[in-house]
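This briefing is arranged by topic. Please consult the sequence and the model alongside the points that follow.

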Amino acid sequence: MSSDQFDSALDLLRRLPPHSTAANLNRICALAPDLTEELLSSVDQPLQTRQCKKTKRDYLLCDYNRDGDSYRSPWSNEFYPEVEDAEMPSERVRKMEVRMGEAVEVYRELYYEGGVSSVYFWDLDDGFAGVVLLKKTTPKSNSEGGWDSIHVFEAIDRARNAHYKLTSTVILRLSTGNEALGDMDLSGNMTRQVEQDMPVQDDGSHIVNVGKLVEDMELKMRNLLQEVYFGKAKDIVGDLRSVQPLTETNKEKASHQEMINSMKR
């Protein structure tokens, strides 16, 4: 695999519309199959949902619960389709995965009032790592929207403390359109990272610590989206399209200029 090809593919995906990332990623993989594994693990795209055949509950698909073309369900801890000699979390890590999944479900209902969430953990040599996934979409109508949160973390054990490294990505999609206003599409993603040492007494402390980091990061990113991105978009739209007629706007500008000129005399 050529590093130049990989860099060019990433650069191309950054320049294409964010809401078409999945389709464009499939097209690039079809053109350059050797880049498939690296691209799938490097490019964030909206999460897909699948139903667990054993428990009939929905779960989210990502690169961290994938083995080839199969995905592991967090509810049954089984791959669908089945995979021989698949890498599975240890008993200790699996127990933490289940507890974290239950906690995230409560968080999702309180903050999102619906949607789908999934948690996946795996073992590391000096600790463990995991990913917390959250997805919420609006019913299809003239106005559509979607929110995908991907929180990947590492927890490295250090005596009575643990060092956590969290990388969070939010993918937002909003679109609306009617004859009076026309079509509007606002979509994109944001990635932030934080590292922190926190005290640990037992495995339950890891659940509390990771949950706090994820909750704080989501709050910061939501505020940043609202204040910076939506605020900037509102300012641009306000400059491009005026609610009041142009003649009234020109009169106001003329009166302001006249007042300024009178003050200079």
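The buried residues of α5 (under 20% relative accessible area with a 1.4 Å probe, protein chains only) include G204, H206, I207, V210, L213, V214, M217, M221 and L225. Among the elements covering them, through heavy atoms within 4.5 Å, are α4, β7, β8, β9 and β10. The model is predicted: local features need pLDDT of at least 70 and side-chain atom pairs pLDDT 80 or more, whereas totals for chains, interfaces and linings use all residues. Numbering runs from 1 along each chain as its sequence is written, and side-chain values use heavy atoms, without hydrogens and water.

**Helix α5**
- Helix α5, a DSSP run (H or I, at least four residues), has 38 residues and reaches 54 Å from first to last C-alpha, close to the expected 56 Å (1.5 Å times one less than the number of residues).
- At L225, α5 bends by about 30°, the angle between axes fitted to the seven residues ending there and the seven starting there.
- A side-chain oxygen of D202 lies 3.0 Å from the backbone nitrogen of G204, capping the N-terminal end of α5.

**Nonpolar cores**
- The largest nonpolar core (buried Ala, Val, Leu, Ile, Met, Phe, Trp, Tyr and Cys joined through side-chain atoms within 4.5 Å) has 29 residues, of which M100, F121, F128 and Y164 touch the most other members.
- Its largest share, seven residues, comes from α5.
- A second, separate core of 15 residues includes L47, L60, Y80 and I150.

**Residue R173**
- R173 lies in β9, a DSSP strand (E, at least two residues), and counts as buried because its relative accessibility is 18%.
- The side chains of R173 and D148 form a polar contact of 2.6 Å (N or O atoms within 3.5 Å, one able to donate a hydrogen and the other to accept it; residues adjacent in sequence count only if both atoms are side-chain atoms).

Notes: Buried means under 20% relative accessible area, exposed over 50%, partly exposed in between (1.4 Å probe, protein chains only).
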